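Here is a quick briefing to read alongside the structure. Keep the picture in view and look up each residue as it comes along.

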Amino acid sequence: RDCVGALTELDINGCYSDSVGTKMKEIFVGDHTRTDLINISNTSMKFSGLNKATKLEVLDMTNIKNVMSFDGLNSLLNIREIYAKGTSVSNFTFADGAMIEYIELPSTTETLSLTRSSTITYDNIIFEDGKYGKLNSLTINSCSNLMTETNFIFNWLSSKTPAQRSNLSID
């Protein structure tokens, strides 16, 4: 039986202690070897406690299609790599100053927000469909590597209607 497919909840709240926090640096639930998407037995897999994994550097949920959100992602400063292709996550709002270096985004991505993330480059923002899919809100604030590369922004703007272009914020 497919063990990952039987998951209905991934709760990492118990991996946290008020005195020491958590030392968890990597979460690998995804499966890069499968070409099909893994169906979780529930309509959506509940993933809780992510905000407590303050030392988390790598999150891999590749091909777990029923993962709908990464609640708490916006509080992870140490996150370096996210593998989310094949999920149903739509919002990727990173913590102010997150150390993110590599992102694999699903075709369901609607929001991407990066603020003072100096380590990410456009070459390391990978969209599942090779395009910008459903991305309709893009915020880039004080990201030194992203401010010098305008192709990503130009290509995203070219793929959107004038009304959608109003959801672009660059500083």
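**Strands side by side**

E8 and E10 run parallel and are joined by five bridges. They belong to an open sheet of four strands, in the order E6-E8-E10-E11, with parallel pairing. Keep in mind that this is a predicted model, so we'll also look at how confident the predictor was.

**The four-strand sheet**

- Start at the edges: E6 and strand E11 (168-170) are the edge strands, and each of them pairs on one side only.
- From one strand to the next, the twist averages 5°.
- E6 and E8 run parallel, with three bridges joining them.
- If you want to find a spot where E6 and E8 meet, look for Asn 91, which stands opposite Thr 111 in E8.
- For the link between E8 and E10, check Thr 115, whose bridge partner in E10 is Asn 141.
- E10 is also joined to E11, in parallel, by three bridges.
- Ile 140 stands opposite Ile 170 in E11.

**A closer look at E10**

- Is strand E10 (residues 137-141) largely enclosed by the rest of the structure, or open? Five of its five residues are buried, so E10 is largely enclosed.
- Its side chains go two ways: Ser 137, Thr 139 and Asn 141 point one way, while Leu 138 and Ile 140 point the other way.
- Whichever way they point, all of these residues are buried.

**The five-strand sheet**

- There is another open sheet, built from five strands in the order E2-E4-E5-E7-E9, and its pairing is parallel.
- Its edge strands are strand E2 (26-28) and E9, each pairing on one side only.
- Here the twist averages 10° from one strand to the next.
- E7 and E9 pair in the parallel sense, over three bridges.
- One place to see this is Leu 105, whose bridge partner in E9 is Phe 127.

**Salt bridges**

- How many salt bridges does the count come to? The answer is two.
- One of them brings together the side chains of Glu 101 and Arg 80, at 2.8 Å from N to O.
- Glu 101 sits in the loop between strand E6 (91-93) and strand E7 (102-105), and Arg 80 in the loop between strand E4 (58-60) and strand E5 (81-83), so this pair ties together parts that are 21 residues apart in sequence.
- Glu 101 is partly exposed, at 31% relative accessibility, and Arg 80 is partly exposed too, with a relative accessible area of 27%.
- In another salt bridge, the side chains of Asp 96 and Arg 116 meet at 2.7 Å, N to O.
- Asp 96 lies in the loop between E6 and E7, and Arg 116 in the loop between strand E8 (111-115) and strand E9 (125-127), so the pair ties together parts that are 20 residues apart in sequence.
- Asp 96 is partly exposed, with a relative accessible area of 42%, and Arg 116 counts as partly exposed at 48%.

**Aromatic pairs**

- Searching the whole structure turns up two aromatic pairs.
- Why is the pair of Phe 70 and Phe 92 edge-to-face? The ring centres are 6.0 Å apart and the planes are at 75°, so the pair is edge-to-face; the cut-off for that label is over 60 degrees.
- This pair links distant parts of the chain, with Phe 70 in the loop between E4 and E5 and Phe 92 in strand E6, 22 residues apart.
- Both Phe 70 and Phe 92 are buried.
- Tyr 83 and Tyr 102 form a tilted pair, 5.5 Å centre to centre with 40° between the planes.
- Tyr 83 is in strand E5 and Tyr 102 in strand E7, 19 residues apart, and this pair links distant parts of the chain as well.
- Tyr 83 counts as buried at 16% relative accessibility, whereas Tyr 102 is partly exposed, with a relative accessible area of 22%.

**How far to trust the picture**

- The protein chain averages a pLDDT of 79, and 75% of the residues score at least 70.
- Among the elements, E7 has the highest mean pLDDT (96), and strand E1 (residues 9-11) has the lowest (59).
- Over residues 37-42, pLDDT stays under 50, though the model has 26 contacts for them beyond four places in sequence.
- Where pLDDT is low, don't read the predicted coordinates in detail.

How values were computed. Residues numbered from 1 in each chain as written. Predicted model: local features only at pLDDT ≥ 70, side-chain atom pairs only at ≥ 80, totals over all residues. Heavy atoms only, no water. Salt bridge = Lys/Arg side-chain N within 4 Å of Asp/Glu carboxyl O. Buried < 20%, exposed > 50% of the residue type's maximum accessible area, 1.4 Å probe, protein only. pLDDT = per-residue confidence, 0-100. Contact = heavy atoms within 4.5 Å. Phe/Tyr/Trp six-rings, centres within 6.5 Å; stacked < 30°, edge-to-face > 60°. Pairing = 2+ DSSP bridges. Axes fitted to C-alpha atoms, helices over the stretch in contact; angles between N-to-C directions.
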